Amino acid sequence: MVSPIQIFSGKRILVTGHTGFKGSWLSIWLTELGAEVVGVSLDPATERDCYVLSGIGKKLYADIRADIRDGETIRAIVSQYRPEVIFHLAAQPLVRLSYDKPVETYAVNVMGTINVMEAIRACDSVRVAVMITTDKCYENTEQIWGYRETDAMGGYDPYSSSKGAAEIAISSWRRSYFNPDSFGKKHYVSIASVRAGNVVGGGDWSCDRIVPDCIRALENKKPIELRHPNAVRPWQHVLEPLSGYLLLAAKMLERPTVYCEGWNFGPLHDSVATVQQVADLIVKHYGEGSTMDVSDHSAVHEANLLTLDITKAQRLLGWQPRLDLEMCIQFTVDWYRQYSTRNVMDICVEQIRQYMQS
């Protein structure tokens, strides 16, 4: 049976944030599917990022540097390249950095999102837009059950609240300008927002993320320092939510008024685990290393418990996570064990194919 995501072959697709961790993996996957990918982003953060090491920029239809806070430039790019599908991933993605740079975080995550939607409004080529936010967009009361798409938006820290605000803006623009009731009369756009859990995988070197912190410590033969070892998160490999985004976009192309909503793409319950458990699995698959509890109770607030309910995606999209926590960490560690000795594009493509066959 042909995968529904084969629908992207030959289509012009714009990806914002394509030099980032998730954006680079999505660009690789779309390129493998035969799409004409237009990437719009700032420069990659490090020379070891997946975008740099894979060389994906050379395979794109266009590889553009631009800031999504510059609405005029974003409108001009969308107008020039006329994509049919947009995946909006560009963001300031770090909780702790948002405490240091709250205004920048809001400017990027809220106004940047609005700028992308305004560019869509100004261009008649766009049919589908998938706006990526985060599981942290929900008003987190640290409840023991997962958050559903109908739960309230919110956020304690500037990052989380900026993503909650972005979700509210997306909902407003959908109702005001891309309302499914007026599809085919006033517009031809289907717009959805998607929320994923704590995403891990090869090629992420961001600060204050558990996997990059672990790998840096292991490569330097140092103990892994854990700030919040008992914090519980819904861990998933980067290919899991990306598969959901692709499936959703494919279905939106086919039935634009049915799927233009908010969606959760999280792991199965077995992959909801503590930071300590994840670090222990990384050490296990890496083959060496140790962990150290360096909890700082005076540090800035970060949620201790956050999980997603993925029933809607399972039942209405037929989407299902493929990797349990053990496989998720194995995929991730395998990438970091190989990146310095093998062609990184080959590693990524192999993992995408392996994932699709799992």
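Okay, let me start with one pair of residues: Val 128 has Ser 190 in S6 as its bridge partner. That pair belongs to a longer contact, where strand S5, residues 128–132, and strand S6, residues 190–196, run parallel and are joined by five bridges. Before I go on, keep in mind that this is a predicted model.

So where do those two strands sit? They are part of an open sheet of seven strands, and the order is S3-S2-S1-S4-S5-S6-S10, with parallel pairing. At the edges you'll find strand S3, residues 62–65, and strand S10, residues 262–265, each pairing on one side only. If you go from strand to neighbouring strand in this sheet, the turn is 20° on average, ignoring direction. As a reminder, strands of a sheet pair through backbone hydrogen bonds, either parallel or antiparallel.

Now, what lies across the strands here? Helix H5, residues 102–121, lies across strand S1 (12–16), strand S4 (85–88), S5 and S6. Relative to S4, H5 runs at about 175°.

Let's move over to S1, S2 and S3. S1 and S2 are parallel and share five bridges. One pair to click on is Val 15, whose bridge partner in S2 is Gly 39. To get from S1 to S2 the chain goes through H1, and that β-α-β crossover is right-handed. On to the next pairing: S2 and S3 are also parallel, with four bridges, and there Val 40 stands opposite Ile 64 in S3.

Is S2 enclosed or open to the outside? Five of its six residues are buried, so S2 is largely enclosed by the rest of the structure.

While we're here, have a look at helix H1, residues 21–32, and find Ser 27 in it. Ser 27 has 0% relative accessibility, and because buried means under 20%, it counts as buried. What does Ser 27 touch? Leaving aside residues up to four places away in sequence, the contacts are Val 15, His 18, Val 37, Ile 56 and Leu 60. You've met Val 15 already, as the partner of Gly 39.

Last topic, the charged pairs. How many salt bridges does the structure hold? The count is 18, and I'll walk you through three.

Pair one is Arg 65 with Asp 43, with the closest N and O atoms 2.9 Å apart. Arg 65 is in strand S3, while Asp 43 is in the loop between strand S2 (36–41) and helix H2 (50–54), so to speak distant parts of the chain, 22 residues apart. Arg 65 is partly exposed at 36% relative accessibility, and Asp 43 is exposed, at 58%.

Pair two is Asp 124 with Arg 82, at 2.7 Å, N to O. Asp 124 is in the loop between H5 and S5, and Arg 82 is in the loop between helix H3 (71–81) and S4, so this salt bridge ties together parts 42 residues apart in sequence. Asp 124 is exposed, with a relative accessible area of 55%, whereas Arg 82 is partly exposed at 43%.

Pair three is Lys 312 with Glu 261, again with a closest N to O distance of 2.7 Å. Here Lys 312 comes from helix H10, residues 311–317, and Glu 261 from the loop between helix H8 (239–254) and S10, 51 residues apart. Glu 261 is partly exposed, at 32% relative accessibility.

And one network to finish: salt bridges with shared partners join Asp 43, Asp 63 and Arg 65.

Methods: Residues are numbered from 1 along each chain as its sequence is written. This is a predicted model: local features need pLDDT of at least 70, side-chain atom pairs count only at pLDDT 80 or more; totals for chains, interfaces and linings use all residues. Side-chain values use heavy atoms; hydrogens and water are left out. Two strands pair if DSSP finds at least two bridges between them. Axes are lines fitted to C-alpha atoms, for helices over the stretch in contact, and angles run from 0 to 180 degrees between N-to-C directions. Contact means heavy atoms within 4.5 Å. Buried means under 20% relative accessible area, exposed over 50%, partly exposed in between (1.4 Å probe, protein chains only). A salt bridge is a side-chain nitrogen of Lys or Arg within 4 Å of a carboxyl oxygen of Asp or Glu. A crossover is right-handed if, with the strands pointing away from the viewer, the path from the first strand over the helix to the second runs clockwise.
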